[in-house]
Amino acid sequence: MCRVKTQITHRFSFGPWNISEGADPFGPEVRGAFPHEKKYALFRSLGFEGIQFHDDDVVPDIENKSPSQILEGARKVKTILANEGLVPEFVAPRLWFAGQTVDGGFTSNSAADRDYAWERTQKSIDIAKEIGSNSLVLWLAREGSYIREAKDAKLSYERILDTINRVLEYDDSIEVWIEPKPNEPTDQAYVPTIGHAVALSYASQAPDRVKGLIETAHAQLAGLDPSDEMAFALAHDKLASVHLNDQNGLKYDQDKNFGSSNLRAAFNQVRVLESAGYGSRGEFIGLDVKAMRTQKGLPVTDHLTSSLRVFHHLLEKVRSYDTGKEAAFRKARDYEGLELYVMEHLMGIS
Ligand code: GLO
Ligand code: MG
């Protein structure tokens with residue numbers, strides 16, 4: 001029997017927010033704004049086919065537009081995408097910016113604010129459908145609390161599940177991709193890990209349409225190993241996408257270049273994805289990386305191409321990794337030997 005595995009041709013994506021002006025909580029923009037509409041033309045030349053969207057990346061000034069203006073705006077973007085040869089990976093409602101989401105959207109104590117969040121979610125689904133994406137990402141930014149007594153946590157979890165079910169009912173083919181993150185901007189978020197997301201999936205009305213998007217840095221902020229988080233989702237066939245990046249210890253969400261702080265952990269993420277055949281159904285390798293504030297230029301894109309390059313180098317390392325040796329070390333329970341082999345392989349010694 002032929003056991004030669006067909007190699008997956010990977011597709012890559014990022015979001016327009018990944019080309020940014022360098023503002024942080026302590027200082028303003030340090031680079032000029034690169035016009036949003038000019039970003040589309042960059043993707044293919046940088047090696048990316050997919051584009052990740054927030055609702056208002058597709059339709060700017062969404063708050064002041066009528067439903068028909070929103071759809072018209074979405075149609076314009078669909079034409080641009082077709083002309084540039086780009087695929088819209090997902091649309092995410094930006095539920096952390098407006099005054100109505102100061103205390104969260106779906107879990108806000110205010111019924112009016114919860115209504116706002118639901119309206120914005122419906123708009124995002126409409127936009128996704130209009131531009132040709134079937135995926136709604138829920139990064140539950142402010143669905144959490146700053147102090148535990150501020151919200152009823154059990155009720156909040158019920159409200160999140162209720163929202164997921166409403167999305168599934170609103171459109172009978174849309175998929176919900178939950179992007180867990182344990183903190184920031186809240187002190188504690190309600191869906192901190194992929195385990196929480198998978199539980200919500202199984203509890204939902206259509207588990208086949210509720211999946212997860214795992215970001216490296218978010219798993220690390222939860223004190224977890226990103227490759228194990230990915231493995232968990234893959235074991236349940238619930239890994240819809242990834243946001244590869246990196247994080248140097250437990251601090252603010254850094255969105256560093258893939259592999260830049262934890263090369264071995266990055267290798268293991270690529271190894272887990274590759275051995276599960278991730279990408280064979282067209283799933284994207286998404287990046288969510290932030291340029292250093294110190295970087296000059298307009299537009300600044302080296303953080304994207306560097307991360308892509310590191311991914312490709314690590315893919316080579318995964319493909320040349322001797323799984324026979326690994327099996328022998330496992331059989332002998334010689335993990336000291338296995339670890340040295342891994343380290344030397346990564347350093348180009350074996
Ligand atoms: C922030 C998140 C954010 C999401 C994006 C898509 O920590 O990683 O960048 O990925 O809003 O939902
Ligand atoms: Mg992300």
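1. Salt bridges. In this predicted model, 21 salt bridges are found. One of them joins the side chains of Asp 55 and Arg 120, with an N to O distance of 2.7 Å. This pair connects distant parts of the chain, since Asp 55 belongs to helix 2 (residues 55-58) and Arg 120 to helix 4 (residues 111-131), the two residues being 65 apart. A further salt bridge is formed by Glu 326 and Arg 271, whose closest N and O atoms are 3.8 Å apart.

2. Domain division. The protein chain is split into domain 1, covering 11-319, and domain 2, covering 322-350. A distance of 35 Å separates the C-alpha centres of the two domains. Contact between them involves five residues of domain 1 and eight residues of domain 2.

3. Buried area between the domains. The size of an interface is often expressed as the accessible area that is lost when the parts come together. Here domain 1 and domain 2 bury about 580 Å² between them, and carbon and sulfur atoms account for 57% of it. On the side of domain 1, Arg 264, Phe 267 and Lys 317 supply 82% of the area buried against domain 2, which is more than any other three residues contribute.

4. Polar and charged links across the interface. Two salt bridges are found across the interface of domain 1 and domain 2. Polar contact between the two domains likewise amounts to two residue pairs, counted with both residues at pLDDT 80 or more. On the domain 1 side, helix 9 (263-275) and helix 10 (302-319) are the elements that give two or more residues to the surface touching domain 2. Helix 9 provides the largest share, three residues. By class, the residues on this side of domain 1 comprise two nonpolar and three charged, with no polar residue.

5. Aromatic pairs. The structure contains twelve aromatic pairs. Among them are Phe 90 and Trp 177, whose ring centres lie 6.3 Å apart with the planes at 70 degrees, so the arrangement is edge-to-face. Phe 90 is part of strand 3 (residues 87-92) and Trp 177 is part of strand 6 (residues 175-179), so this pair ties together parts of the chain 87 residues apart in sequence.

6. Surroundings of Gln 205. Where does Gln 205 lie? This residue is placed in the loop between helix 6 (194-203) and strand 8 (210-215). With neighbours within four places in sequence set aside, Gln 205 is in contact with Asn 165, Leu 168 and Glu 169. The side chains of Gln 205 and Glu 169 are joined by a polar contact of 3.0 Å. In addition, the C-alpha atom of Gln 205 is separated by 9.4 Å from that of Leu 161, although the two residues are 44 apart along the chain.

7. The loop between strand 6 and strand 7. Which peptide bond involving Pro 185 is cis? The bond joining Glu 184 and Pro 185 is cis, with omega at about 10 degrees. Pro 185 is located in the loop between strand 6 and strand 7 (188-189), and Glu 184 is found in the loop between strand 6 and strand 7 as well. Glu 184 also has a phi near 65 degrees, a positive value in a residue other than glycine. The backbone at Glu 184 therefore merits a separate entry here on two counts: the cis bond to Pro 185 and the positive phi.

8. The cis bond at Pro 299. A cis peptide bond also runs from Leu 298 to Pro 299, and its omega is near -5 degrees. Pro 299 is situated in the loop between strand 10 (284-287) and helix 10.

Note on methods: Residues are numbered from 1 along each chain as its sequence is written. Chains are lettered from A and ligands numbered from 1 in the order in which they are written. Side-chain values use heavy atoms; hydrogens and water are left out. Domain bounds come from an automatic or database domain assignment. Contact means heavy atoms within 4.5 Å. Buried area is the accessible area (1.4 Å probe) that two parts lose on being put together, summed over both. A salt bridge is a side-chain nitrogen of Lys or Arg within 4 Å of a carboxyl oxygen of Asp or Glu. A polar contact is a pair of N or O atoms within 3.5 Å; within protein, one must be able to donate a hydrogen and the other to accept it, and residues adjacent in sequence count only if both atoms are side-chain atoms. Helices (H or I, at least four residues) and strands (E, at least two) are DSSP runs, numbered from the N terminus. Ala, Val, Leu, Ile, Met, Phe, Trp, Tyr, Cys and Pro count as nonpolar, Asp, Glu, Lys and Arg as charged, and the others, Gly among them, as polar. Rings of Phe, Tyr and Trp (its six-membered ring) pair if their centres lie within 6.5 Å; planes under 30 degrees apart count as stacked, over 60 as edge-to-face and the rest as tilted.
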